[in-house]
Each structure stands twice: as C-alpha cells, then as structure tokens.
Amino acid sequence: MMSHYEAPIREPLIIGNKSYHDITVDVAAPVEGKANKKWWIAFTIALVAFLYGIGAILYTIGTGIGVWGLNNRINWAWDITNFVWWVGIGHAGTLISAVLLLFRQKWRMGINRSAEAMTIFAVFQAGLFPIIHMGRVWNAFYVLPIPNALGSLWVNFNSPLLWDVFAISTYLSVSLVFWYTGLLPDFAMLRDRAVRPFQKKIYSLLSFGWSGRLKDWQRFEEVSLVLAGLATPLVLSVHTIVSMDFATSVIPGWHSTIFPPYFVAGAIFSGFAMVQTLLLIMRKVSNLEAYITKVHIENMNKVILLTGGIVSVAYITEFFIGWYSGSSYEDYTYLSVGAATGPYWWAFWALITCNFIFPQTLWFKKLRTNFVWSFFISIVINIGMWFERFDIIVIDLSRGHLPSSWTMFSPTFVDVAIFIGTIGFFFVLFLLYARTFPVIAQAELKSILKSSGENYKKLRGDNHE
Amino acid sequence: MSSTTIQAIFDDDDVLLSAVKDLKAADYHIEEIFTPFPVHGLDKAAGLKNTRIAITSFIYGLIGLAFATWMMNFMMVADWPQNIGGKPSFSFAENMPAFVPIMFELTVFFAAHLMVITFYMRSKLWPFKKAENPDVRTTDDHFLLEVSTINDVKTLENLLKDMGAKEIKTKA
C-alpha cells in the first residue's frame with residue numbers, strides 16, 4: 001500500500017467502494033447491454049442530419065460552389081470557419097491524452113478515451129471541408145507530391161494550404177494510432193468477457209491478440225509516453241499551421257504574429273468545452289458517475305478558464321496592436337472599433353460575450369463545480385469560438401484595402417446544411433462509439449485505483465489517524 | 001531433466017510484486033507474467049531489460065526529417081526552381097522558413113508511425129492474432145505468473161501458496 005501513497009489533500013478520482021472487477025463491469029456494461037430508446041432517438045436525429053449534409057455536399061459538387069453564399073471578395077466563410085472550428089475541437093482530445101500524460105495528471109484517465117474519440121471524429125469533420133470547398137474536388141489528389149506524367153509536376157511547398165494537408169493528415173493518423181494502441185488492452189478485456197460468439201470474434205479481431213504480457217506492457221507504456229511526447233508538439237503545430245492560413249496572408253486583421261499561439265489556446269478552449277458537453281451527458285447515460293467525477297469536471301473548467309484567459313488576452317492584444325500600429329486598415333479588422341460598431345457588430349459582440357465574459361464566471365468554485373452551469377458554459381463557448389473564426393474570416397474579408405470591394409456575406413441554406421451535416425456525422429460516430437467501445441481506459445484506471453480510489457484513500461486515512 | 005512450468009494466479013498487484021521479488025531472490029526463473037494493467041515496478045522486479053523502442057523512434061524521426069529536406073529541396077530548388085510569389089528558390093537555405101512546417105510534420109509522422117509499427121511487430125500484435133493469455137481473468141482483475149523449475153515442484157508450489165497465490169496449476 002505504501003507504494004500507492006498519495007497526498008491526503010488530493011480528492012479521490014474514483015468514487016465508491018470499487019474493485020478492479022467493478023471497473024471492468026462498469027466499463028463493459030454499455031457495450032454488453034442493449035441500446036435504449038433514447039439512444040435510438042438521438043442516433044436517428046444525428047443520422048438524418050448527416051444524410052441532409054451529404055445531400056448538401058453532393059448538391060454543391062454537382063452544381064458548383066456558387067450554391068454557397070460566397071462572393072468575389074468573401075471567398076472563404078462558413079467552409080473554413082467550420083473547418084477551423086472542428087480542428088480546434090479536435091485539439092482537446094490530444095491535449096488530454098498527451099499533455100496531461102506528460103504532466104502525470106491522473107485525472108486524465110477517466111476522460112482520455114472519450115476525448116481522443118472526440119478528436120478523431122472532429123478531425124473527420126474538419127477534413128471534409130478542405131476537400132468540399134474546392135471548386136474541382138475530383139482534382140484534389142493534385143495536392144499530393146506524387147510523381148506523374150506531367151513531366152513530374154510538383155506542388156508548391158510555400159503554401160500554408162499545403163502545410164495543412166500534411167498537418168491534418170499527420171494529426172489524424174497519429175491520433176488514430178495513439179488512440180487505437182491505447183484501446184488494445186480494453187478490447188482484450190471485452191474479448192475475454194464476451195459470451196456471444198460474434199462479439200467474441202469482433203473483439204478478438206480488434207484487440208490484435210493482446211495478452212497483457214509484462215514485456216508488452218513495458219513497451220506499451222514506453223510507446224504511449226513517446227507518442228505523447230510527439231503528439232504534444234504535433235497539437236501545437238497543427239493549429240499553428242491552420243492559423244498560418246491567415247497569419248501569412250497580407251489581409252489586414254489576418255496578418256498577425258499572435259495567431260499561432262492564440263489559435264492553439266482557442267483550440268484547447270473550444271475543445272475542452274466540447275469534451276465537457278459530451279462527458280456531462282455521457283457520465284449520466286452510461287452510468288459512469290463514479291469515474292467522471294466532480295473533480296474531473298472542475299479540472300476541465302479550470303483549463304477552460306486558463307485558456308479562455310489566454311484567448312481574452314489575445315483579443316486585447318489584437319485590439320491594442322490594431323490601434324498602436326497606426327495603420328488605418330487595422331481600423332476595420334475583426335477586433336477593432338470598426339468591427340464593434342460596423343455591420344457585423346452582432347458577430348463581434350457575440351465573440352466578446354461568449355468567450356470573454358461568460359467563461360469568467362468559472363472563477364467561482366460554486367459555478368465551476370455546478371454541472372448545469374458547466375454544461376451551459378461549454379455550449380456558450382462552442383458558439384463563441386465558432387464566432388471567433390467567423391469574425392476573423394468574414395469581417396476581415398468584408399472590409400479590405402479597397403473600399404470598392406467592400407461587401408457583405410450571407411450564407412445560403414447549403415452552407416448551413418453542410419455544417420448541420422457535419423454535426424450530425426460527428427454525433428453518429430460518437431453515439432456508435434459510445435455503444436461499442438470501452439469509453440474509459442479501464443486498464444489505465446485500474447493502475448490508479450489504489451492511489452486515487454475513494455475506498456483506498458479512506459483506508460489510508462484511517463491508518464494514519 | 002526437463003523443467004516444469006507452474007502457473008500461479010494472484011488477485012492483487014502488490015502481492016504479485018512482492019512474490020516476484022521473492023522468487024527472483026530465491027533464483028527461480030520467471031517465464032512470463034500476465035496482468036490486466038501495467039503494474040509499476042514489475043518489469044524492474046522481474047529483471048526485464050529496458051525497452052529500446054524510444055531509440056527507434058528517434059532514428060525514425062531523423063529519417064523523416066531527412067526525407068522532408070530531400071523532397072522539398074528536389075522539388076522546389078533542383079527540379080523546378082520557379083518564382084512563386086517572389087520567394088527565392090535559388091537555394092534551400094533562402095526559402096527554408098517555408099519548408100519548416102512540413103519538415104516538422106514529416107519528422108513526427110515518421111517517428112510516430114514507424115515506432116508504432118515496430119511495437120506491433122516486436123510484440124507480435126496484428127488483427128488476426130490469437131490471444132495467448134492462459135486465463136481470461138488476466139484481462140479483468142487477476143494476475144498470472146509462470147515460473148519454471150527443474151527441482152522439486154512441490155516446494156515451489158508451497159512457496160507460491162505462501163506468497164499469496166490463489167490458484168496453482170501445472171502447465172500442461
């Protein structure tokens with residue numbers, strides 16, 4: 001027991017009198033049980049939204065990009081807004097599983113699996129937009145530097161849009177193997193518990209024959225650690241590269257050196273908000289309240305508060321530098337007096353309200369430990385972070401260098417339908433995941449049971465008094 | 001004289017850890033240990049050498065970096081030294097900053113994926129691989145220790161029982 005010593009000041013991360021076997025049973029329960037009516041209703045809604053989105057995508061490809069609300073001046077709007085929004089959401093998953101692993105944060109274990117799943121599913125959605133916003137989707141493979149019959153015509157490595165291709169595909173594939181490798185022991189647990197032959201077959205296939213040998217565990221932990229070490233700079237670089245789509249341009253409001261860290265902070269901010277939204281529901285419907293506790297929710301709120309603070313400082317900096325630069329063009333950027341009072345004033349103030357003002361309520365312990373308030377704030381932040389990207393893209397494009405090309409943007413139903421479709425697709429994947437995958441990394445959780453389980457902590461407390 | 005392998009099942013990781021330490025001290029040969037989760041310190045106690053998988057990752061990363069550098073130098077400077085937006089394409093160094101993002105990404109890509117593939121190959125894990133844990137409970141809450149002896153089997157069995165083993169089987 002002494003090897004499991006933990007400072008008594010730390011609150012338990014596993015509530016109740018749980019044993020190793022209880023963890024197994026609780027994690028396996030949603031997979032082994034049957035979906036209830038509510039799940040089917042949610043799944044149907046998500047599926048309908050997804051199909052609606054597919055229809056809108058096919059309509060766009062068949063008819064042309066002109067069915068969107070884009071115009072000659074504002075040639076990026078909902079497409080890239082949604083792209084950056086989804087990529088941003090995807091960042092929390094890797095942050096939770098990689099950065100918190102490097103910092104040896106035990107509370108990550110209850111939430112990392114779902115956060116990583118969310119990453120993967122969000123990056124899927126993000127990955128759609130760079131493809132479907134192309135005028136000629138069928139030529140998309142030209143972005144890859146493949147030797148070809150055009151004298152070997154290569155790509156131009158100076159473009160951040162090409163960097164995006166490398167960044168997003170690396171991010172998705174590395175996150176995927178990181179997640180999957182972590183799943184092996186949990187699939188093995190499901191395989192060994194399976195009673196139905198079909199289920200046994202499926203989980204045998206998925207678990208890659210994991211047997212839990214000592215040497216396997218040693219390598220497994222080293223691989224996890226190295227992948228965490230690689231995923232951490234990857235997370236920072238991916239959203240940095242996404243931010244360079246704007247930062248390396250010459251457009252007032254876009255050309256800004258603060259974008260790389262500021263976008264990353266915003267990504268973590270919105271990503272944690274999405275994790276919060278999903279986990280607050282999941283802990284209830286999957287009966288995981290013993291593992292996703294108030295401590296987890298509060299810790300995530302603290303990260304949201306921190307990154308929200310960083311984002312707010314960035315807003316002030318942008319606003320200040322816009323004025324300080326003395327450049328008259330900076331008067332109409334997305335964070336300027338011009339934006340606050342111009343035709344997009346509502347988008348400007350939506351950003352300030354949702355990202356700057358509301359998250360500050362999390363300074364109060366009463367509010368950040370309140371599940372209903374946490375849920376509300378997490379939704380507000382996701383709306384706010386959508387507006388942040390919308391403001392950066394659309395407001396800056398609407399008031400450029402030349403007043404004769406000042407214009408406004410309004411989305412068509414196709415823009416909206418595709419966005420709804422990606423939300424539907426996301427939830428289709430997440431709902432399927434929640435019923436078939438072990439949603440908590442039970443093998444990892446078992447390794448902290450003796451140090452952070454409520455019963456064990458109580459036992460130690462009794463012994464010392 | 002052939003050796004006999006005995007399987008002992010434990011239901012607590014701390015008991016297992018001290019049993020492994022004691023067995024090592026008594027010079028028994030531990031064949032294999034199956035655990036449901038990583039037990040910290042068990043690899044040291046069982047006398048396992050450190051894994052070198054992180055070193056392979058470093059080498060793979062260097063390969064990725066070299067590949068990215070070579071690829072972009074070839075395509076942008078050697079093969080088609082074009083003027084794209086006034087960027088200097090006369091030498092690699094002049095346009096290097098624009099190549100950094102992809103040099104970085106490919107380093108990570110190679111380091112991560114090749115290491116994971118190495119892990120799967122070294123640990124013999126693949127989709128149709130059959131699981132080899134002798135008892136299904138070892139992925140839930142039991143710990144299985146395989147020890148071999150050429151001497152008195154009974155002594156070892158009693159020793160394991162004293163150490164806290166819940167079940168003892170002789171491997172067929």
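This note goes through the two chains of a predicted model and then turns to a surface patch to which residues of both contribute.

1. Chain A is built from helices, with 16 of them and zero strands in its secondary structure. Among its contacts between residues at least 6 apart in sequence, 81% join residues at least 24 apart, and 60% of its 465 residues count as buried.

2. As for overall dimensions, the radius of gyration of chain A is 24 Å, which agrees with the value near 23 Å that a compact globule of 465 residues would have. Taken along the principal axes, the C-alpha atoms of chain A fill a box of roughly 75 × 55 × 45 Å. The exposed area of chain A is about 18800 Å², and carbon and sulfur atoms supply 70% of that area.

3. Chain B mixes both kinds of element, with five helices and four strands, and the order from the N terminus on is β-α-β-α-α-α-β-α-β. The radius of gyration of chain B is 26 Å, well over the 16 Å that the globule rule gives for 172 residues, so chain B is more spread out than a compact globule. The C-alpha trace of chain B spans about 80 × 35 × 35 Å along its principal axes.

4. The domain assignment should be read alongside these dimensions. In chain B, domain 1 is made up of two segments, 4-36 and 138-171, whereas domain 2 covers 52-123. The C-alpha centres of domain 1 and domain 2 of chain B lie 48 Å apart.

5. Burial and contacts in chain B may be set out in the terms already used for chain A. Of the 172 residues of chain B, 47% count as buried, and among contacts between residues at least 6 apart in sequence, 75% join residues at least 24 apart. The accessible surface of chain B comes to about 8900 Å², with 61% of it belonging to carbon and sulfur atoms.

6. One local feature deserves a look in the viewer, namely a nonpolar surface patch of about 690 Å² to which chain A contributes Phe141, Tyr142, Leu144, Ile146, Leu150 and Leu153, and chain B contributes Trp80. Among these residues, A:Ile146 is found in the loop between α4 (112-132) and α5 (160-193) of chain A. A:Ile146 counts as partly exposed because its relative accessibility is 43%, which falls between the limits of 20% for buried and 50% for exposed.

Notes: Residues numbered from 1 in each chain as written. Chains lettered and ligands numbered in written order. Predicted model: local features only at pLDDT ≥ 70, side-chain atom pairs only at ≥ 80, totals over all residues. Heavy atoms only, no water. Patch = residues over 30% accessible without salt bridge, like charges linked within 9 Å, V, L, I, M, F, W, Y side chains within 5 Å. Areas by Shrake-Rupley, 256 points an atom, 1.4 Å probe, with all protein chains shown as cover. Salt bridge = Lys/Arg side-chain N within 4 Å of Asp/Glu carboxyl O. Helix = DSSP H or I, 4+ residues; strand = E, 2+ residues; numbered from the N terminus. Buried < 20%, exposed > 50% of the residue type's maximum accessible area, 1.4 Å probe, protein only. Rg over C-alpha atoms; globule rule 2.2 N^0.38 Å. Contact = heavy atoms within 4.5 Å. Domains from an automatic or database assignment.
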